[in-house]
Amino acid sequence: MTSSHCVERATPWPFACGWTTRKMTLIWGFAVARDDHGFSPLHWACREGRGGLVDMLIMRGARINVMNRGDDTPLHLASSHGHTDIVAKLIQCKADPNTVNEHGNTPLHYACFWGQEAVAQDLVVSGAQVCVCNRYGQTPLDKAKPHLRQLLQEKAEKLGQSLIKIPYKETFWKGTMRTRPRNGTLNKQAGIDYKQLSLLAKINENHSGESFFCRWQGDEVVVKVLQVREWSTRKSRDFSEEHPKLRIFSHPNILPVLGACQSPPAPHPIIITPYMPYGSLYNLLHQGTTLVVDQSQAVKFALDVASAMTFLHTLEPLVPRLYLNSRHVMIDEDMTARISMADAKFSFQCAGRMYSPAWMAPEALQKRSEDINRRSADMWSFAVLLWELVTREVPFAHLSPMEIGMKVALEGLRPTIPPGISPHICKLMKLCMNEDPAKRPKFDMIMPILEKMQDK
């Protein structure tokens, strides 16, 4: 079996360096640190069977599905080494039992190969597919010894799994917790060859540029051509510094920028992002699609957005000039909402202009960006988006953007909650739209509320 445990015999660096659990709890952000191979402390704790340390790291915010440079998750390592208690903890914390590494191997592939019978059974009960193929056409059952193969096959059949082989499918940009994209065309500057792009159809045009449906290396992508006046050396430098910060492959509800180009024969600087078949949430809600967004789906979208914002708010510094509204939330083929990094504005774009004031917090319209609490302002924007989801209406649709900005900032214009809306959602909207920014909740505080709404 091909393994991507690239430092299999190395001593776990947190322990080799003399770290104690007490010291680790004192270091803010240690839970998401990485070594040279992309191994996080959670990877090492899972590999070594340190259950208490796993609990502490998860409590401190360690990302459950984070990947090393071979795309192994902590669940891969815990499964390989037979740590049933840690596997159960990771599954409980929503680790994906079917996530694949660079070879297409799932945690179940590893458990079967290493003969970890108890772990393999627990993974199947938790939804791991027994017939999913890796890059080489091998399923977990192919890796298991006869006794374990028979056991897992019977268990999978009882659980309703099909035993037809599921072909391997490349999904490097589908939102997994990868440490880097797997794409050979991205050079050191994440540049691309414009000649490789096949522009097929224009799908959108706004103040910042034009977007085209495109094929790139056989994949469906969107190419955004930025409209920039008087392209200069300084703007070129700013573009080169800023666009790599948008290549966030670290969360399932964030849509990353895949690459960029700013040199001839490209007519303008361009960025590439994955193609989303349903377009934006704004399109889905307001532009006559055949899909029905009921309250259950609306809460699911809200939970997706809140999950993405929870992650983005852990970043230091925050992604600059990323304004939350329904036009910047894209919908995946499995009806998952994902915040698009391609909609973050560059420093040389539209300086000082607000093109979607209906979603902006009053203080964001009144003050300079450096004088506001971005996290609190984002929560106001989320409240407006939640209002939009449950009413299916465009906020302040009867007014021009300039009128909206003036009335929200100076005259107290606010969305009106119509009758018939769930009282729980009404309460959450009012909480998130508190006039005092300091009294608005954080996104990690409203996640449990939305999860309870989804369960009802």
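This passage walks through a predicted model, from the whole chain down to single residues. Residue numbers start from 1 along each chain as its sequence is written, and side-chain values use heavy atoms, with hydrogens and water left out. Because the model is predicted, local features need pLDDT of at least 70 and side-chain atom pairs count only at pLDDT 80 or more, while totals for chains, interfaces and linings use all residues.

Taken as a whole, the chain has 18 helices and 8 strands; these are DSSP runs numbered from the N terminus, helices being H or I runs of at least four residues and strands E runs of at least two. Of its 456 residues, 52% count as buried. Here buried means under 20% relative accessible area, exposed means over 50%, and partly exposed is what falls in between, using a 1.4 Å probe and protein chains only. About 21600 Å² of the chain is exposed, and carbon and sulfur atoms supply 52% of that. Such areas come from the Shrake-Rupley method with a 1.4 Å probe, and for residues only the protein chains shown count as cover. As for contacts (heavy atoms within 4.5 Å), among those between residues at least 6 apart in sequence, 68% join residues at least 24 apart.

Next comes the sheet. Five strands make up an open sheet in the order β1-β2-β3-β6-β5, and the pairing is antiparallel; two strands pair if DSSP finds at least two bridges between them. Which strands stand at the edges? They are β1 (197-206) and β5 (259-261), and each has a single partner strand, so one side of each is left without a neighbour in the sheet. On average, neighbouring strands of this sheet are turned by 25° against each other, direction ignored. Axes here are lines fitted to C-alpha atoms, for helices over the stretch in contact, and angles run from 0 to 180 degrees between N-to-C directions.

Within that sheet, a hairpin through 2 residues joins β1 to β2, and the two strands pair in the antiparallel sense over 8 bridges. One of the matched positions is K202, whose bridge partner in β2 is F212. On its other pairing, β2 (residues 209-216) runs antiparallel to β3 (residues 219-226), again over 8 bridges. There, S211 stands opposite K224 of β3, and R215 stands opposite E220 of β3. Strand β2 is mostly covered, with 7 of its 8 residues buried.

On to the helices. In α8 (residues 117-125), the buried residues are V119, A120, Q121, L123 and V124. Their cover includes α5 (74-80), α6 (84-92), α7 (107-113) and α10 (146-158). After α8 comes G127, which has a positive phi near 110°.

Two helices later in the chain also meet. The axes of α15 (374-391) and α18 (residues 443-455) come within 11 Å and cross at roughly 25°. That makes α15 roughly parallel to α18, since angles under 35 degrees count as roughly parallel, over 145 as roughly antiparallel, 65 to 115 as roughly perpendicular and the rest as oblique. From α15 the contact takes D378, M379 and F382, and from α18 it takes F443, I446 and L450. These residues divide into 5 nonpolar, no polar and 1 charged. In that count, Ala, Val, Leu, Ile, Met, Phe, Trp, Tyr, Cys and Pro are nonpolar, Asp, Glu, Lys and Arg are charged, and the others, Gly among them, are polar.

Finally, a few backbone oddities. Most residues other than glycine have a negative phi, and most peptide bonds are trans. The bond from E316 to P317, though, is cis, with omega near 0°. P317 sits in the loop between α13 (295-312) and β7 (329-331), and R321 lies in the loop between α13 and β7 as well. R321 has a positive phi, near 55°, and at 25% relative accessibility R321 counts as partly exposed. Another positive phi, near 60°, belongs to R392, found in the loop between α15 and α16 (401-410). With a relative accessible area of 31%, R392 is partly exposed.
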